[in-house]
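Hi everyone, thanks for coming. Let's take a few minutes to look at one protein together, starting with the whole chain and then going helix by helix.

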Amino acid sequence: MSNKGLSNNSLAFIALCNEYCSAIEQAFETEPADFTANMIRLLPRLYITANDLKTEESIEEGGYLEQALDEENYETVRRNLEGVFGANDTYLEVFEEDMKYSDTPIAASVSEGLADIFQSLYNFVEMVRDAPSDALPGAIEAIKEDFDNYWGQILCNVMRPLNHIYHNPEEI
């Protein structure tokens, strides 16, 4: 992959995506407290770097991320993460669209949130791995759009239960 024309922030983002994907893929081999600490360290950096991605205004249409992660692999990742968090995997979510219409709390899952982020970032990393340099701006555009419309909110939502788990290690 040539990095010609990519900003330092874009290069840092690609490296962070790779680091996140590696951490998620190795989660089941990591102690829960260590894995949680790593997520507490990585997720805010991902958020800041993704938020600061600059896209080329000359791109008429947003890019498209090919689906490299199939449903079976997604489910394996989610189940592995669920095993890491055990009873701490479920939390009450307040930023759920359906919450406006409900009197009952909506349950969410740390493992599903992290797996959803993983899916977007894995697809992105796979796309840029061997992409020609002229395709990289479209990939950056696509992941930025995906962040703005989808996984940025998931990242924020999952930080709350991860913060609780991190600061209450006796519950792990």
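Among the contacts in the protein with a separation of 6 or more, what share comes from residues 24 or more positions apart? The answer is 78%. Please keep in mind that this is a predicted model.

Now for the overall layout. The protein has five helices and two strands. If you walk along the chain from the N terminus, the elements come in the order α-α-α-β-β-α-α. There are 172 residues, and 43% of them count as buried.

Let's spend some time on helix α4, residues 110-129. This helix has 20 residues and reaches 28 Å from its first C-alpha to its last, close to the 28 Å expected at 1.5 Å a residue. How much of α4 is covered? Mostly covered is the description that fits: 15 of its 20 residues are buried.

So who are the partners of α4? One is helix α5, residues 136-167. The two helices pack at an angle of about 160 degrees, and their axes are 9 Å apart. Because of that angle, α4 is roughly antiparallel to α5, a label that needs an angle over 145 degrees. The crossing of α4 past α5 is left-handed. On the α4 side, the residues in contact include L114, I117, L121 and F124, and on the α5 side they include I143, Y150, W151 and I154. Sort the residues of this contact by type and you get 18 nonpolar, two polar and two charged.

Another partner is helix α1, residues 8-25. Here the packing angle with α4 is about 125 degrees, with the axes 9 Å apart. That angle makes α1 oblique to α4. This crossing is left-handed. From α1, the contact uses residues including F13, C17, Y20 and I24, while α4 brings L114, I117, L121 and F124, among others. The tally for this contact is 14 nonpolar residues, one polar and one charged.

Finally, a look at helix α2, residues 32-51. This helix has 20 residues and spans 28 Å from its first C-alpha to its last, close to the 28 Å expected at 1.5 Å a residue. Its buried residues include F35, M39, L42, L43 and L46. What covers the buried residues of α2? The cover includes α1, α3, α4 and α5.

That's my tour, thanks for listening!

Definitions and conventions. Residues numbered from 1 in each chain as written. Predicted model: local features only at pLDDT ≥ 70, side-chain atom pairs only at ≥ 80, totals over all residues. Heavy atoms only, no water. Axes fitted to C-alpha atoms, helices over the stretch in contact; angles between N-to-C directions. Helix = DSSP H or I, 4+ residues; strand = E, 2+ residues; numbered from the N terminus. Parallel < 35°, antiparallel > 145°, perpendicular 65-115°, else oblique. Left-handed = near helix turned anticlockwise from the far one by under 90°. Contact = heavy atoms within 4.5 Å. Nonpolar A, V, L, I, M, F, W, Y, C, P; charged D, E, K, R; others polar. Expected span 1.5 Å × (residues − 1). Buried < 20%, exposed > 50% of the residue type's maximum accessible area, 1.4 Å probe, protein only.
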